[in-house]
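Colleague: I am new to reading protein models, and I would like to understand how the words used for them are justified. Could we take them one at a time, with the picture in front of us?

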Amino acid sequence: MKKKLSKKKLKKMITSDFTDLSTEEIKALIQKEVDKGADALDTDYIDLCFELLSIKNNDTNKRKIKFTKAAKVLLTAAVLMVIFISTITVSAQFNLNIPQKIAQLINGNAEIDYNLENADTTADGYALLDTNLAKQLADYGITPVTFPEEMIKENCKITKIESISSDDFSKIISIDFDYNNQHGCLTIEQMSKELESTGVSTVMDVKSGQMININGMDVLLFEQERNCKIKYKDNLTSYDIYLECDFQYAIRLAKSIK
């Protein structure tokens, strides 16, 4: 079907109680109207399409089925709900309050410049170097470090620290912790000046994201379905935090980075 049928033609078909349109063609008419969006949608046109579907159904099944006015109202409301959900989905794709040069949302996934070259990646200071956690990391050869102060408070318990890899080019440390009884993991990677890396890192299925500047660094926060992620970098040291918590907890943790 190349052209949209007018209301007049639809009414003629309804009056004659016959249509040579297929069910799929009638559905296509509805879809075309839906695609206009909520502001331009003609609900009367969709009502006429539902009438045709009723006629088509009667002809196919040899039994009289009539859409009542209430049923048509519900069906139209359902169509409007589909538009509303679609609009929310499209809006969510732009709910990434991070400059595109740093992170872009592609098919629901945030693709981040691996080196964060266009972000602030130099800490203003290292206020937590005298803590036990910083000293443990120094024992693994990773220093200086900057991390959330919340991680060393009473409401957070470090459960495991382990070296993932260590060689002449990079050192990777993983820190498991429970923050307000919710699981988290901080991964720290410190690279040598000789190591060059390019490309992107990806955070899957992002609901929203934002960037805040903390301790001189641009910190990226991402909300997913059941967890959050925090990413930032200080010179040659990259930090990735995984949290099984809501977004407000993640923001609170991130704001304590020192």
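Colleague: Which residue in β7 does Ala 110 stand opposite?

Modeller: Ala 110 stands opposite Val 203 in β7. Please keep in mind throughout that this is a predicted model.

Colleague: What makes β3 and β7 a pair of strands?

Modeller: Two strands pair if there are at least two bridges between them, and four bridges join β3 to β7, so the requirement is met. These two strands run antiparallel, and they belong to an open sheet of three strands in the order β2-β3-β7. Neighbouring strands of this sheet are turned by 25° against each other on average, when direction is ignored.

Colleague: Why are β2 and β7 called edge strands?

Modeller: They carry that name because each of them pairs on one side only. β2 covers residues 103–106 and β7 covers residues 200–203.

Colleague: What is notable about phi of Asn 107, and how do you know whether Asn 107 is buried or exposed?

Modeller: Phi of Asn 107 is near 55°, which is a positive value in a residue other than glycine, and the residue sits in the loop between β2 and β3. Exposed means over 50% relative accessible area, and Asn 107 has 76%, so Asn 107 counts as exposed.

Colleague: Where is Asn 180 placed, and why is Asn 180 called partly exposed?

Modeller: Asn 180 lies in the loop between β5 and β6, in a hairpin that has two residues between the strands. Phi of Asn 180 is also a positive value, near 50°. Buried would require under 20% and exposed over 50%, and since Asn 180 has a relative accessible area of 23%, it falls in between and is therefore partly exposed.

Colleague: How do you know that β5 and β6 pair with each other?

Modeller: The count of bridges settles this, because at least two are needed, and β5 and β6 have 10 bridges in the antiparallel sense. One of the partnerships is that of Phe 177 with Gly 184 in β6. Gly 184 also has a bridge partner in β11, namely Leu 243, and β6 and β11 run antiparallel, joined by seven bridges.

Colleague: Why is β6 described as largely enclosed by the rest of the structure?

Modeller: Seven of the 10 residues of β6 are buried, so the strand is largely enclosed. In the protein chain as a whole, buried residues make up 42% of the 258 residues.

Colleague: In what order do the strands of the eight-strand sheet come, and which strands are at the edges?

Modeller: The order is β1-β8-β9-β10-β11-β6-β5-β4, in an open sheet with mixed pairing. The edge strands are β1, residues 96–97, and β4, residues 156–166, since each pairs on one side only. β4 is joined to β5 by nine bridges and the two run antiparallel, with Glu 162 having Ser 174 in β5 as its bridge partner.

Colleague: What makes you say that helix α5 packs on the sheet?

Modeller: Helix α5, residues 132–139, touches β4, β5 and β6, and its direction makes about 150° with that of β5. Another helix, α6, residues 247–254, lies across several strands, including β8, β9 and β10, and runs at about 165° to β9.

Colleague: Why is Thr 146 called buried, and which residues does Thr 146 touch?

Modeller: The cut-off for buried is under 20%, and Thr 146 has a relative accessible area of 0%, so Thr 146 is buried. Leaving out residues up to four places away in sequence, Thr 146 touches, among them, Ala 123, Tyr 126, Met 217, Tyr 239 and Ile 257. Thr 146 belongs to the loop between α5 and β4, and Pro 144 is in the loop between α5 and β4 as well. A cis peptide bond joins Thr 143 and Pro 144, with omega at about -5°.

Colleague: Which residues lie nearest the centre of the largest pocket?

Modeller: Tyr 114, Ser 201, Lys 231, Ser 238 and Asp 240 lie nearest its centre, out of 15 residues that line the largest pocket. The volume of this pocket is about 230 Å³, and the elements that give two or more residues to its lining are β3, β6, β10 and β11.

Methods. Residues numbered from 1 in each chain as written. Predicted model: local features only at pLDDT ≥ 70, side-chain atom pairs only at ≥ 80, totals over all residues. Heavy atoms only, no water. Contact = heavy atoms within 4.5 Å. Axes fitted to C-alpha atoms, helices over the stretch in contact; angles between N-to-C directions. Buried < 20%, exposed > 50% of the residue type's maximum accessible area, 1.4 Å probe, protein only. 1 Å grid on protein atoms, 1.4 Å probe; cavity = no way out; pocket = protein on both sides within 12 Å on 5 of 7 lines; lining within 4 Å. Points joined across faces, edges and corners; volume = space filled by probe spheres on them.
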